[in-house]
Amino acid sequence: MKPVAVLYALLFTPLLCAAHRLPLKRFKAPSPLQRRDAQANTLNLTSAEDLIYLVPITVGGQDYPVQLDTGSSDLWIKNNNSSPLPNVTRTTKTSNVTYAVGWAAGFISYAPVTFVGLSIPQQAFLEATQVNNPAIGYGARGIAGLGFTSLSYVDAEGNKTQSNADRSLLYNLFQVHPTQPNFFGFMLKRNDSQATEEGSFSIGEYEPGYEDIANCSKIPTWPPQSPKRWTVLLDAIIVGGQITVPSTTVDQAPVNKAVVLMDSGASYTYAPRAAVDAIYGNVAGAYFDNSLGQYVVPCSTEINMALQIGGQIFPIHPLDITTLMPGDVSRCVGSFIPGTFATSIGDFDWLIGDNALRSVYAIYDFGDFDGNGGVGDPYMKMLPTVDPDQASIQFHNQRGGQPETNITFVGLTGSSLEPVISASLNSSTFQNLDKFIPIMLGLIGLNTLILVILAIAGIVYLCKRRSRRNVRARPNRGRDNLSPMPMNPMNPTNSYVSSFEPPQPPPHRYEPVSMALTEDTLFAPPSPGFRKFDSGAGPSGDRPKSVA
């Protein structure tokens with residue numbers, strides 16, 4: 001991992017209309033943990049090499065920098081001593097939260113919380129006494145999960161007492177402030193931007209200048225009702241002029257889609273190997289490095305790609321598709337990394353991280369209110385923030401070479417976008433079905449041709465027979481209406497298709513280079529470099545077993 005190179009300040013004006021918006025601003029102070037400025041009333045955000053994004057949260061009257069994570073649903077704060085945190089009520093109940101990389105364990109505690117200018121009189125959180133998480137090494141004191149209550153470890157424990165305070169942070173925030181629109185917005189930017197503001201996080205309001213997102217089409221979660229995570233359906237991957245239709249292993253999901261988790265807590269994107277091959281496999285000079293578990297790509301090579309989600313096309317900035325390797329300006333690594341997820345999770349195929357989320361302005365809506373006080377299904381809206389031609393100029397200004405022009409992306413349209421769902425065949429069957437479709441069509445065509453030939457021959461035969469009968473005046477005409485027995489056409493079934501299993505590649509040992517922070521995906525072991533971060537669970541560093 002690279003050291004922290006650029007720090008950002010967080011401008012916050014609590015009593016004005018922008019009270020629920022945190023604009024990210026470039027900050028020149030050398031300290032990674034800046035406190036509240038009493039005169040400017042400014043809160044600061046640290047962005048470490050575009051790997052994590054931190055905001056302050058006030059717990060028990062004290063400010064703590066926490067990572068914003070749409071991939072989990074719990075708030076935890078690291079306690080640096082054995083005593084309870086100031087102005088916090090600690091219980092004897094314990095819990096732990098598990099991430100793809102790292103974990104946090106400790107006591108369930110309660111305290112007043114203020115987040116982005118909105119206060120909650122009593123909020124349950126994990127007062128962590130044992131932590132093994134790389135976010136701590138980048139100045140964080142915890143993680144603020146922005147997901148659904150159904151995924152909360154703290155709530156799973158708190159439900160035993162039926163306490164509303166145990167619900168997730170945003171659930172309680174919207175409950176306490178019922179007039180507040182129940183959505184939050186994310187705009188992330190890379191640290192090489194020349195703009196004054198580096199992005200924003202807001203609750204209940206749109207980013208100034210990007211209000212057009214209100215007119216964007218809703219992108220339903222998957223499943224549409226009561227999802228556990230911020231997961232949506234991916235229609236296609238577009239690389240240059242090549243369209244790749246994904247597949248899924250998620251039960252009951254459309255077979256021609258992929259279920260993707262939108263995870264601001266992950267630095268990179270993790271996808272099936274076939275999808276990653278579609279991005280980097282045809283790049284001149286690129287190769288897959290098994291020791292890294294990533295593609296290595298010439299840094300000067302611009303890759304133009306987009307993701308199609310909800311029928312909309314979102315270009316990805318080429319600077320975020322490959323990232324520089326430390327100490328080597330000629331070689332870069334792909335930020336889309338092969339990864340498979342444990343079958344015990346099984347509710348998403350991809351984990352889309354900050355490298356892709358930096359190219360969109362995203363709204364996460366927990367569901368619109370109806371006239372009766374009810375809440376509809378959750379959804380997302382995304383607005384592209386990347387101009388492909390301008391992005392090409394920015395890419396070559398940093399990496400050298402000549403920019404491209406007139407870059408366009410053409411995705412799937414019409415019936416190609418319709419979801420195809422099968423309850424009888426699994427997705428691996430459909431993944432291989434395209435190999436057999438030409439064969440089946442050929443057999444059907446051959447059978448049709450044979451039937452036509454036989455029908456013609458039968459007609460000719462009958463005509464000749466009738467002619468002979470007319471000449472000979474044969475009395476028996478009972479056979480005049482006979483026709484040849486039709487050949488039974490082959491009825492193509494999927495029995496032999498479903499029994500076909502292609503050879504599987506050997507399992508890949510996979511060392512993530514990014515933070516890859518997300519709730520309990522369990523698809524990758526922690527990188528050796530992460531083990532140095534504040535492991536308090538004993539000499540082995542193994543996490544306690546999860547109670548959820």
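**Note on the salt bridges of this model**

1. A search across the whole structure returns 7 salt bridges. The model is a predicted one, and the points below take up some of these pairs, together with their places in the fold and their exposure to solvent probe.

2. Lys-218 pairs with Asp-368 in a salt bridge whose closest N and O atoms are 2.8 Å apart. Because Lys-218 sits in the loop between β12 (197-203) and β13 (219-220), while Asp-368 sits in the loop between β26 (360-365) and β27 (379-384), this pair ties together parts of the protein that are 150 residues apart in sequence. Lys-218 has a relative accessible area of 45% and is therefore partly exposed; Asp-368, at 32% relative accessibility, also falls in the partly exposed class.

3. A salt bridge also joins the side chains of Lys-257 and Asp-235, with an N to O distance of 2.7 Å. This pair again links distant parts of the chain, since Lys-257 belongs to the loop between β15 (242-244) and β16 (258-262) and Asp-235 to strand β14 (residues 231-239), the two being 22 residues apart. As for their surroundings, Lys-257 and Asp-235 are both buried, which places each of them under 20% relative accessible area.

4. Within a helix, Arg-273 forms a salt bridge with Asp-277, and the closest N and O atoms of this pair are 2.7 Å apart. Both residues lie in helix α3 (residues 273-280), and their spacing of 4 residues corresponds to about one turn of that helix. Arg-273 is partly exposed, its relative accessible area being 37%, and Asp-277 is likewise partly exposed, with a value of 27%.

5. Turning to the setting of these pairs, the protein contains 8 helices and 27 strands. Of its 548 residues, 51% are buried, and Lys-257 and Asp-235 are among the buried residues.

6. On the contacts within the chain, of those between residues at least 6 apart in sequence, 70% join residues that are at least 24 apart. The pair Lys-218 and Asp-368 bridges parts that are 150 residues apart, whereas Lys-257 and Asp-235 are 22 residues apart and Arg-273 and Asp-277 are 4 residues apart.

7. Finally, on the surface, the protein exposes about 25000 Å², and carbon and sulfur atoms supply 55% of that area.

Terms used. Residues are numbered from 1 along each chain as its sequence is written. This is a predicted model: local features need pLDDT of at least 70, side-chain atom pairs count only at pLDDT 80 or more; totals for chains, interfaces and linings use all residues. Side-chain values use heavy atoms; hydrogens and water are left out. A salt bridge is a side-chain nitrogen of Lys or Arg within 4 Å of a carboxyl oxygen of Asp or Glu. Buried means under 20% relative accessible area, exposed over 50%, partly exposed in between (1.4 Å probe, protein chains only). Contact means heavy atoms within 4.5 Å. Accessible areas come from the Shrake-Rupley method with a 1.4 Å probe; for residues, only the protein chains shown count as cover.
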